[in-house]
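Here is a short briefing on rings, charges and helices for you to read alongside the coordinates. Have your viewer ready and follow the bullets one by one.

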Amino acid sequence: MAKGIRDKVAILGMGCSKFGERWDAGPDDLMVEAYIEAMADAGIEPSQLDAAWFSTHVDELGTGKGGTPLSIALRLPNIAVTRVENFCASGSEAFRGAVYAVAAGAADIAIAVGVEKLKDTGYGGLPVGNPGTLMPQIIPNGSAPGNFAQLASAYRAKHGVSREDLKRAIAHVSVKSHANGAKNKKAHLQKAVTEEQVLNAPMIAEPLGLFDCCGVSDGAAAAIVTTPEIARALGKKNLTMVKALQLSVSNGYESQYNGWDGSHFHTARIAAGKAYREAGIERPREQISMMEVHDCFSITELVTMEDLFISPEGQGWRDVLEGFYDADGGLPCQIDGGLKCFGHPIGASGLRMLYEMYLQLQGRAGERQLKDPVFGMTHNLGGAPASNVCSVAIIGQEGA
C-alpha cells in the first residue's frame, strides 16, 4: 500500500457560510462569506496562497465552469485554480486536491472552496445531469427517493428487520439530526421534531417520509491547508491533522453483476477500509470520536454505519434506536445537524462536514461541543446505491 498522507498536512483555517434559502446572495457572495472566515481563522494574507481547488456541481445553472468563478469572486492573486466535480463528493474532492498538493510539496499553502446555489435552479430536487454515453443502457431510471427506498427494502429483507422497527430506526435518525441542528445557527433548518411527527409525515417513497429526506439549499465552505511546520511557524498550536483521504468509485459491479444484493454501499466499505489503514485505526467503533456522514436519506445514514464498520452488519438499526449515534451516545453522528438540517448544496457539503469536525477538534463548537474528541470522520456518497462515488476522510489531533 502507498505510504499515504497521514500527518503530512495540517488544517490552517476553515470557514462556512450560513446555509439555507439564500435569496439575498449569489454564489460569489457565499464563497466570499466562507473565504473571509477561513482566512481570518488561518491568519494569512491572500498573497500567501499558492493554489486553489474549487468544487461546484450544477455549473451550467448557477456558478459557472472553470476556475474563474472562484478566482474572480475572491480576487485571488493569479494562482492556479482547479475546478473539480465528483457528484456529492465534490467538496471532499476539492479538499483532497489541496491536501495532496501540500503533501507533495507543490504548494506551501492551498485553499479548497465549495459552493452551490441550488435554490436558483428552480428545482425541488436536483436538476437532471448528463449520465454519460453508455450509462442509460445499463442504469435503470428512477427518482432519488425511489432508489434509496429500494435500499431500505433490501436491507430489511436481508437482515429480517420488521417494517415497524426499521421505520422507527430511520425516524430516530431524523429526530437526532434535528435536535443537533437546532443548536446550529448556520443550519438551514433549526427546529427540533418529534418521533411522532416523523412517523406521521407524508410518504415520499415507502418507507421514506418527508422527514427522511434532506432538502435543497444554498451554501459554501472553505478549508486552508499547509504543512505542520509552516502552521507552527505561523503560531498555530494544537494542530488539526489530516489522517486519511480515500475515494472509491463504482465500476459496474453493483449494477451489472449478481454479487451485490442492494442492501449496502459496496464503495463505502472499500473507502472506509483503506481510510482506517491509512490513519492507523484498527478499532473504529472505539477510536473514532464523531462522524458526519452522507444522510441524503435517513436510511442512507443507517446503512452507512455498517458500511463504515462501526455497527455490526445487520445491527445498525439497533444501535440507532439505542441512541449510540446521539449527541450523548457512544459515537455522535451529524452533531451539526447533517444534510438533514443543512440541506445539500452539493459542491459545499463535503467541506461543510469537515468544518464541523475541525471546530470540534479545536474545541470551538459552542453548545454542540463534544468532550475531548480525537478523530473525526466524514463520508460523502454521490450517485445512487447501484452506481456511486464515495469518499471517506479522517482528521484528528496532532500526535494521535
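Phe 265 has a relative accessibility of 0%, so it counts as buried (under 20% relative accessible area, with over 50% called exposed and partly exposed in between; 1.4 Å probe, protein chains only). This is a predicted model, in which local features need pLDDT of at least 70 and side-chain atom pairs count only at pLDDT 80 or more, while totals for chains, interfaces and linings use all residues. Residues are numbered from 1 along each chain as its sequence is written, and side-chain values use heavy atoms, with hydrogens and water left out.

**Aromatic pairs**

- Phe 148 is buried as well, at 3% relative accessibility.
- Across the whole structure, a search finds four aromatic pairs (ring centres of Phe, Tyr or Trp, the latter by its six-membered ring, within 6.5 Å; planes under 30 degrees apart are stacked, over 60 edge-to-face, the rest tilted).
- In one of them, the rings of Phe 19 and Phe 342 are edge-to-face, because their planes stand at 80 degrees, with 5.1 Å between the centres.
- Phe 19 belongs to the loop between β1 (10-16) and α1 (27-42) and Phe 342 to helix α15 (residues 338-342), so this pair ties together parts 323 residues apart in sequence. Helices (H or I, at least four residues) and strands (E, at least two) are DSSP runs, numbered from the N terminus.
- Both Phe 19 and Phe 342 are buried.
- Phe 148 and Phe 265 make a tilted pair, 6.3 Å centre to centre with 40 degrees between the planes.
- That pair joins helix α6 (residues 144-159), home of Phe 148, to the loop between α10 (253-256) and α11 (266-279), where Phe 265 sits, 117 residues apart.
- Together with Phe 297, Phe 148 and Phe 265 form one aromatic cluster.

**Charges over rings**

- Arg 352 places its charged end over the ring of Phe 342, 4.8 Å from the centre (the criterion is NZ of Lys or CZ of Arg within 6 Å of the ring centre and within 35 degrees of the ring normal).
- Arg 285 lies over the face of Phe 324, 4.0 Å from the ring centre.

**Helix α7**

- Helix α7 (residues 163-181) has 19 residues and spans 27 Å from first to last C-alpha, close to the expected 27 Å (1.5 Å times one less than its number of residues).
- Of the 19 residues of α7, 14 are buried, so the helix is largely enclosed by the rest of the structure.
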